[in-house]
Amino acid sequence: MGFMVEYPTTLLQALEDWLNHDPVLRLARAAKLRAELERVEPGFKRCTVRCYRRVDFPKDPNQNPRGVPLPLLNLLNTGKLAESVSSWTTDPSVAKAHLEGVQADATCVLFKHVPSPSEVWVNLSELVNAPAFQRALQGGSFPAIRYWMTREREVVLEVAHVTPEDVYAWGGFAGNADQFREAAEAEGLSPEEIVRLEPELNRAAGQEWWLSEERSRALAMRMAEFARQRYIHQTPVQI
């Protein structure tokens, strides 16, 4: 008779806590989760496909209601943005819609990464379908697991850093109609041409937008080069 795996409630509680995102408690919850994942079979600690993670950078670092301590210039100045254990997804549309989608106060960047075996903590979208996990789930109330683990296609990865080359999509919110009109005037359009464009400008105002992968990566590389020229200076040669 084969050995029947049983998952303890402590594992499910650690996952429940992890899925209830809290930046302040993230590292403590990660440590608890890592200890509990010792009970999970190696087959659920694999991912061989591209994963995606969204990072929101506040447009104004002084107005940062989410408390995200990740200035965009860190990525562009140094060519690296330090990472640690984080939630990734195998579906880019999930990453784009995460936390109610693009926020008006942020520049949103999706990063892509194909993880090495040592970077994968657990593949939650695989684990949630395991019979033993489903049995354990019946033993308590775990709303985050029941909702998020079935939808997010999440993989928990420990990645050292991401770079401008890892950018998959660059997104944000379009400006308001007045900003579009000013931009049209700056490009030399006549008042009559702007009036004809008015319906299109009003439709585009305030809408979420995402650049293609090619354009996003090109933008990231251009901005990184500008940041190096603008903010990074060579050490003077001593004579």
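**Entry 1. A term, and Ser216**

I call a residue buried when its relative accessible area is under 20%. I looked up Ser216 with this cut-off in mind: its relative accessible area is 0%, so Ser216 is buried. The model I am reading is a predicted one. In it, Ser216 belongs to helix H10, which runs over residues 213-231. I then listed what Ser216 touches beyond four places in sequence, and found Val167, Tyr168, Ala169, Trp170 and Leu211. The side chain of Ser216 also has a polar atom 2.8 Å from the backbone oxygen of Ser212.

**Entry 2. The chain as a whole**

I next looked up the totals. The chain has 239 residues, and 40% of them are buried. Its secondary structure consists of 10 helices and nine strands. I noted an accessible surface of about 14,100 Å², with carbon and sulfur atoms holding 54% of that area. Of the contacts with a separation of 6 or more, 84% join residues 24 or more positions apart.

**Entry 3. Confidence**

How high is the average pLDDT of the chain? I found a value of 82, with 84% of the residues scoring at least 70. Over residues 64-70, however, the pLDDT is below 50, and this stretch has 12 contacts beyond near neighbours in sequence. I recorded a second such stretch at residues 232-239, where pLDDT stays under 50 and the model has two contacts beyond four places in sequence. I keep a caution here: where pLDDT is low, the predicted coordinates should not be read in detail.

**Entry 4. Helix H1**

I examined helix H1, residues 9-19, and found it mostly covered, with eight of its 11 residues buried. The buried residues are Leu11, Leu12, Ala14, Leu15, Glu16, Asp17, Trp18 and Leu19. What do the buried residues of H1 pack against? Among helices, I listed H2 (26-36), H5 (124-127), H6 (131-137) and H7 (143-148). Two strands also take part, E3 (85-89) and E6 (154-158).

**Entry 5. Asn20, after H1**

I followed the chain to Asn20, in the loop between H1 and H2. Asn20 is partly exposed, at a relative accessible area of 37%. A polar atom of its side chain lies 3.0 Å from the backbone oxygen of Glu16, and Glu16 is one of the buried residues of H1. Leaving out residues up to four places away in sequence, Asn20 touches Arg29 and Ala144. I also checked Asn20 against Ile145: they are 125 residues apart in sequence, while their C-alpha atoms are 9.2 Å apart in space.

**Entry 6. His113**

I looked up His113 and found it in strand E4, which covers residues 106-113. Is His113 buried or exposed? Its relative accessibility is 18%, so His113 counts as buried. The side chains of His113 and Glu119 are joined by a polar contact of 2.7 Å. Beyond four places in sequence, the contacts of His113 are Val49, Arg50, Cys51, Trp88, Glu119, Leu157 and Val159.

**Entry 7. Cysteines**

Cys51, a contact of His113, led me to look for disulfides. A disulfide is a covalent bond between the sulfur atoms of two cysteines. I searched the whole structure and found zero disulfides. Why does Cys51 not form one? The closest cysteine sulfur to that of Cys51 is in Cys47, at 3.6 Å, which is too far for a bond; the cut-off is 2.5 Å. I also noted that Cys51 is buried, at 0% relative accessibility. Cys108 likewise counts as buried, at 0%.

**Entry 8. An aromatic pair**

I counted three aromatic pairs. One of them, formed by Tyr147 and Trp148, is edge-to-face, with 4.8 Å from centre to centre and 85° between the planes. Tyr147 is partly exposed, at 40% relative accessibility. Trp148 is also partly exposed, with a relative accessible area of 35%.

**Entry 9. Arg153**

My last entry concerns a backbone angle. Most residues other than glycine have a negative phi. I found that Arg153 has a positive value, near 50°. Arg153 is placed in the loop between H7 and E6, two elements that I had already met as packing partners of the buried residues of H1. With a relative accessible area of 45%, Arg153 is partly exposed.

How values were computed: Residues are numbered from 1 along each chain as its sequence is written. This is a predicted model: local features need pLDDT of at least 70, side-chain atom pairs count only at pLDDT 80 or more; totals for chains, interfaces and linings use all residues. Side-chain values use heavy atoms; hydrogens and water are left out. Helices (H or I, at least four residues) and strands (E, at least two) are DSSP runs, numbered from the N terminus. Buried means under 20% relative accessible area, exposed over 50%, partly exposed in between (1.4 Å probe, protein chains only). Contact means heavy atoms within 4.5 Å. Accessible areas come from the Shrake-Rupley method with a 1.4 Å probe; for residues, only the protein chains shown count as cover. pLDDT is the predictor's confidence in each residue, from 0 to 100. Rings of Phe, Tyr and Trp (its six-membered ring) pair if their centres lie within 6.5 Å; planes under 30 degrees apart count as stacked, over 60 as edge-to-face and the rest as tilted. A polar contact is a pair of N or O atoms within 3.5 Å; within protein, one must be able to donate a hydrogen and the other to accept it, and residues adjacent in sequence count only if both atoms are side-chain atoms.
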